[in-house]
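Hi there,

Here is the structure I promised to pass along. Please open it beside this email, and then read on for what turned up.

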Amino acid sequence: MAKLGELRPVSIEDAGSVAALARDVAADLVVIGPEAPLAAGVSDRLRNEGFVVFGPSRSAARLEWDKAFSKDFMKRHGIPTAASATFHAAELAAARTYLRDASLPIVIKASGLAAGKGVVIATTLGEAMEALDGMLSGETFGDAGATVVIEEFMQGEEASIFAVTDGERYALLAPSQDHKRVGDGDTGPNTGGMGAYAPAPIVTDELLALARRDIIEPTLRGMAAENNPYVGCLYVGVMVADGMLRVVEFNSRFGDPETQVILPLLESDLAALLYAAAAGDVTAAGPTGSSGSAVCVVMAASGYPGSYPKGDEITGIAAAEEVTGVVVFHAGTRAEGERIVTNGGRVLGVTAISGGTDLGAVIGSAYAAVEQIAFAGAQYRHDIGARAAEHQKA
Ligand SMILES: Nc1ncnc2c1ncn2[C@@H]1O[C@H](COP(=O)(O)OP(=O)(O)O)[C@@H](O)[C@H]1O
Ligand SMILES: [Mg+2]
């Protein structure tokens with residue numbers, strides 16, 4: 001980012017500081033990326049001051065920051081999702097009874113924001129009870145776990161569908177899939193995402209049409225009808241099984257690392273699209289198709305998603321970017337003089353982009369770039385996109 005523009009350190013959850021910066025640079029458009037500032041109402045403050053803002057209001061972003069609200073909303077509007085029940089801290093006994101009667105595996109979710117760590121898929125009753133107790137007591141996630149959603153386990157394959165919307169009309173971006181588990185073959189603990197690719201061949205045109213009709217359109221209509229219009233990027237996490245879709249969750253923003261592979265495929269100008277949505281008519285951006293394919297391999301620090309060291313020197317980024325079509329996105333890095341050092345769990349998103357549709361070739365470029373990069377204890381998955389490339393060949 002430092003190469004592309006001026007960096008200004010502000011606390012992004014502090015609406016006053018963000019508004020002061022927006023005034024200072026006379027911002028034509030403010031794009032709010034992550035969920036925390038949305039949940040903190042930064043978009044509302046900026047809109048009140050007259051700025052054009054891409055990102056939902058605090059109350060519309062509730063589709064992400066309050067899973068209990070989101071499940072109720074889906075029930076009210078007949079949007080397909082896993083069966084569930086919600087329990088508050090004072091309802092521990094009822095929640096325990098519900099778990100005893102449920103079939104396994106069962107999914108226990110902290111309702112609030114938990115940085116991607118608030119979901120437990122329990123395969124035994126003991127595990128389920130432990131997760132429930134930890135959440136409802138406030139021990140594991142504080143207030144974010146004081147309400148829990150207990151949910152039926154859905155079989156299937158997950159995919160992500162992003163809609164950029166002005167609250168009524170919307171543009172779909174390329175469907176994608178990410179890889180959540182830390183290890184090859186989907187093993188080991190869940191992470192924020194170890195890689196992604198787009199388009200995801202599993203999301204056929206038929207399934208996209210279903211997503212529009214049964215999920216995205218009723219969601220936008222429902223939010224508008226409840227005087228809670230949704231403006232921004234609606235991220236729909238879906239479970240695909242037997243030619244059907246059900247919602248796993250909504251996010252109120254672009255997701256990581258899917259964004260790294262979706263946005264490069266957009267044929268039109270991203271800023272124009274976001275501006276049009278924020279200004280109230282997404283169709284003003286004109287056609288917004290996507291083409292080509294992209295793969296992102298996340299390089300993480302050793303120990304991630306547990307604790308990990310920081311400050312290790314990274315070499316080879318320039319060489320990696322010499323591989324045709326490769327862009328290296330920095331996630332957890334810091335400049336130290338001339339050197340770039342690690343500064344987070346997920347360090348780099350090594351992304352290969354191609355105008356062609358052969359996923360196997362793009363995967364090859366991404367890994368050729370990864371091999372150029374080194375830092376102490378670097379870990380990454382070796383099978384990003386492999387299953388989809390197989391699908392494609394078949
Ligand atoms: N009902 C469910 N059935 C099967 N897997 C689920 C279910 N709910 C969540 N998961 C799994 O847990 C992950 C995290 O859950 P999600 O609802 O997306 O919460 P968050 O992203 O906020 O942690 C999902 O990506 C999915 O792999
Ligand atoms: Mg999720």
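Ile108 in strand β4 stands opposite Ile150 in β6. This is a predicted model, so please read everything below in that light. The two strands, β4 and β6 (residues 147–152), pair in the antiparallel sense over 5 bridges. β4 has a second partner in β5 (residues 119–122), again antiparallel, with 4 bridges. In that pairing, Lys109 is the residue facing Val119 of β5.

How many of the residues of β4 are buried? The count is 5 of the 5 in the strand (residues 106–110), so β4 is largely enclosed by the rest of the structure. Ile106, Ile108 and Ala110 point one way, while Val107 and Lys109 point the other way, and all are buried. You may want to look at Lys109 in particular, as it is on the list of buried residues.

β4 also turns up beside a helix. Helix α5 (residues 67–76) has Lys67, Ala68, Ser70, Lys71, Phe73 and Met74 as its buried residues. The cover over them includes β4 and β6, along with α4 (62–65), β3 (84–88), α8 (205–225) and β14 (244–251). After α5 comes Gly78, with a positive phi near 65°.

Now for the overall layout. The chain is divided into domain 1 (15–59), domain 2 (83–152) and domain 3 (157–393). Taken over C-alpha atoms, the centres of domain 2 and domain 3 are 28 Å apart.

On to the nonpolar cores. In soluble globular proteins, nonpolar side chains tend to be buried together. Here the largest nonpolar core has 91 residues, and Val164, Val295 and Val350 have the most contacts inside it. Which strand gives the most to this core? That is β15, with 7 residues. Domain 1 (15–59) and domain 3 (157–393) each supply at least three residues to this core. Apart from it lies another core, of 20 residues, including Leu99, Ala131, Leu136 and Val149.

If you would like one residue to start from in the largest core, try Val164, one of those with the most contacts there. Leaving aside neighbours within four places in sequence, Val164 is in contact with Tyr170, Ala171, Leu173, Cys233, Leu273, Leu274, Ala277 and Val282.

Helix α12 (residues 359–370) is worth a look too. This helix has 12 residues and reaches 16 Å from its first C-alpha to its last, close to the 16 Å expected at 1.5 Å a residue. Its buried residues are Leu359, Val362, Ile363, Ser365, Ala366, Ala369 and Val370. Seen down the axis of α12, these buried residues fall within an arc of 160°, so they line one face of the helix. The general background is that an α-helix has 3.6 residues a turn, so residues three or four places apart point the same way. What do the buried residues of α12 pack against? Their partners are β12 (195–198), β15 (293–300), α11 (317–321), β17 (326–330), β20 (346–354) and α13 (386–393).

Last, there is an open sheet of 3 strands, in the order β16-β19-β18, with antiparallel pairing. β16 (313–314) and β18 (333–336) are the edge strands, each pairing on one side only. β18 joins β19 (residues 339–342) over 4 bridges, and Arg334 stands opposite Val341 in β19.

Happy browsing, and do write back with any questions.

Best wishes

Note on methods
Residues numbered from 1 in each chain as written. Chains lettered and ligands numbered in written order. Predicted model: local features only at pLDDT ≥ 70, side-chain atom pairs only at ≥ 80, totals over all residues. Expected span 1.5 Å × (residues − 1). Buried ≥ 20, exposed ≤ 12 C-beta atoms within 10 Å, placed from the backbone. Arc of directions from axis to C-beta. Contact = placed C-beta atoms within 7 Å. Domains from an automatic or database assignment. Core = buried A, V, L, I, M, F, W, Y, C linked by C-beta atoms within 7 Å. Pairing = 2+ DSSP bridges.
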